[in-house]
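Open your viewer and get ready to select residues. This tour tells you what to pick next and what you will find there.

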Amino acid sequence: MDTSQTYEPLPAEPPPGCPFSPPHAYTRLRVEHPVTRVTMPDGSWAWLLTRYADIRSALADPRFSSDVNAPGYPRSGMVTAGEGGSLIRTDPPEHGRRRRMLTRPFTLKSVSALRPRIQRITDRLCDEMADRRQQDGPDGSVDLVRSLALPLPSLVISLLLGVPYEDRALFQSITATVLSRVNTEAERTAAREELRAYLARLVAGKEENPGDDILSELVHDRMGGGELTREEVRGTATLLLIAGHETTANMIGLGALTLIRHPRATAELRADPTLMPGAVEELLRFHSITRSGPRRAATADVEVGGRLIKAGEGIVCAVASANRDPGQFPDGDTFDIRRRNAQHHIAFGYGVHQCLGQSLARAELEIALNTLLARFPELRLAVDFADVPFRSDMLVYGCHALPVTW
Ligand code: HEM
């Protein structure tokens, strides 16, 4: 790949004053250069895809590899959840074999059975949130990210995996470091090592004392049966932990903030909670938190959107752009909980790697937002909107903190 040329940088920042918008450059690129070369933060270049149809066709095309070690894979600033060899970085046919081992706990049926437990966890976190505000006095505010958005998915995935609740603080700090754009590579490597060591201990513990959880099943049925190595079990646990909590946490925070900013939609949802599933799809589309999302490397020459992508070249699929593409979502910059086709968004990716945990994420979002609306009818921001700290410095978009009151 020619690395000597420099191109327009990969758009990253939302437009000033518009934290809910993807970078403005996408609007122009979708029209003028829907498949274009961009310079990545490390100085290398990759193809940036911005149109819905092009991104879906690329993500469905087996000639694009998810393997970070494939020549040309755009690694720069890349999410490290799941190193080489983990499900999300494995190509078919091995990918299908791995994924089948994990599907059962994440099916719609399994997730439906889990809903009462998710509701109980949510109720308890909301009780604690109310207590905390009580202690702080009537003018007190509570950080919704720390009180609900982060602990809820973290507790749910810890429960599924069999990770002790006491370890949650450790996980949140490690994953934040692993995923951060501002931490140095050395800090990220140290955090990955810490997580690796912890999970190795946890896997060893499950061999001795199995429980009714995903990790115990992987250790006993798959590792015991020779289908997975110890390293692969540990890698799978890492992926589920990181993929399962950072993303959903940010969507809960952004979801709550969006509802606060759209009182008419919120009133409709309060009056009719059955509208919530549609609102969740719209929130996923509108925010598309893995903004310059899935990346791939071409393993053969492939034509996408009229441009030839050569074997050994990388692509970056801007799902945040695809999900605002007016060709697919008319008036896509408007948040509309009654949008007819919101569920066709690709915030969970597309093709064989489409998010394994999407039913779980949807359930957590619906329960968290419905509970917030019911419990705190007067929920509002405790700071100016302009002072909310957004995570444009992180790979998964969201808010660092969300001070609320009611
Ligand atoms: C709102 C929350 C979430 C969002 C926006 C999200 C987004 C995504 C995206 C875009 C992909 C595709 C990556 C690619 O094609 O390279 C993906 C894959 C994946 N996600 Fe999620 N995710 C969310 C929640 C979760 C949860 C709760 C879990 C599990 C507990 C999870 C587990 C996974 C796994 C295991 C994969 C890899 C699947 C494969 O490679 O076959 N995600 N997710």
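Which residue takes a positive phi in the hairpin of strand 1 and strand 2? Select Gly43: its phi is positive, near 95°. The hairpin has five residues between its strands. Keep in mind that this is a predicted model.

**Stop 1: the hairpin strands**

Select residues 35-39, which form strand 1. Add residues 45-49, which form strand 2. Strand 1 and strand 2 pair in the antiparallel sense, over five bridges. Now pick Thr39 and look across: Trp45 in strand 2 stands opposite.

**Stop 2: strand 2 and its other partner**

Stay on strand 2. Is strand 2 enclosed or open? Five of its five residues are buried, so strand 2 is largely enclosed by the rest of the structure. Next, select strand 8, residues 314-317. Strand 8 and strand 2 run parallel, joined by three bridges. Click Leu48, then Val316 in strand 8: the two are bridge partners.

**Stop 3: a pair of helices**

Select helix 6 (residues 151-161) and helix 10 (residues 230-261). Their axes lie 8 Å apart, and the packing angle is about 155°. An angle over 145 degrees counts as roughly antiparallel, so that is how helix 6 and helix 10 are described. Helix 6 passes helix 10 in a right-handed crossing.

Now color the contact. On helix 6, choose Leu152, Pro153, Ser154, Ile157 and Leu161. On helix 10, the contact residues include Ala237, Leu240, Gly244, His245 and Ile252. What kinds of residues make up this contact of helix 6 with helix 10? Nine are nonpolar, four are polar and none is charged.

Definitions and conventions:
Residues numbered from 1 in each chain as written. Predicted model: local features only at pLDDT ≥ 70, side-chain atom pairs only at ≥ 80, totals over all residues. Axes fitted to C-alpha atoms, helices over the stretch in contact; angles between N-to-C directions. Helix = DSSP H or I, 4+ residues; strand = E, 2+ residues; numbered from the N terminus. Parallel < 35°, antiparallel > 145°, perpendicular 65-115°, else oblique. Left-handed = near helix turned anticlockwise from the far one by under 90°. Contact = placed C-beta atoms within 7 Å. Nonpolar A, V, L, I, M, F, W, Y, C, P; charged D, E, K, R; others polar. Buried ≥ 20, exposed ≤ 12 C-beta atoms within 10 Å, placed from the backbone. Pairing = 2+ DSSP bridges.
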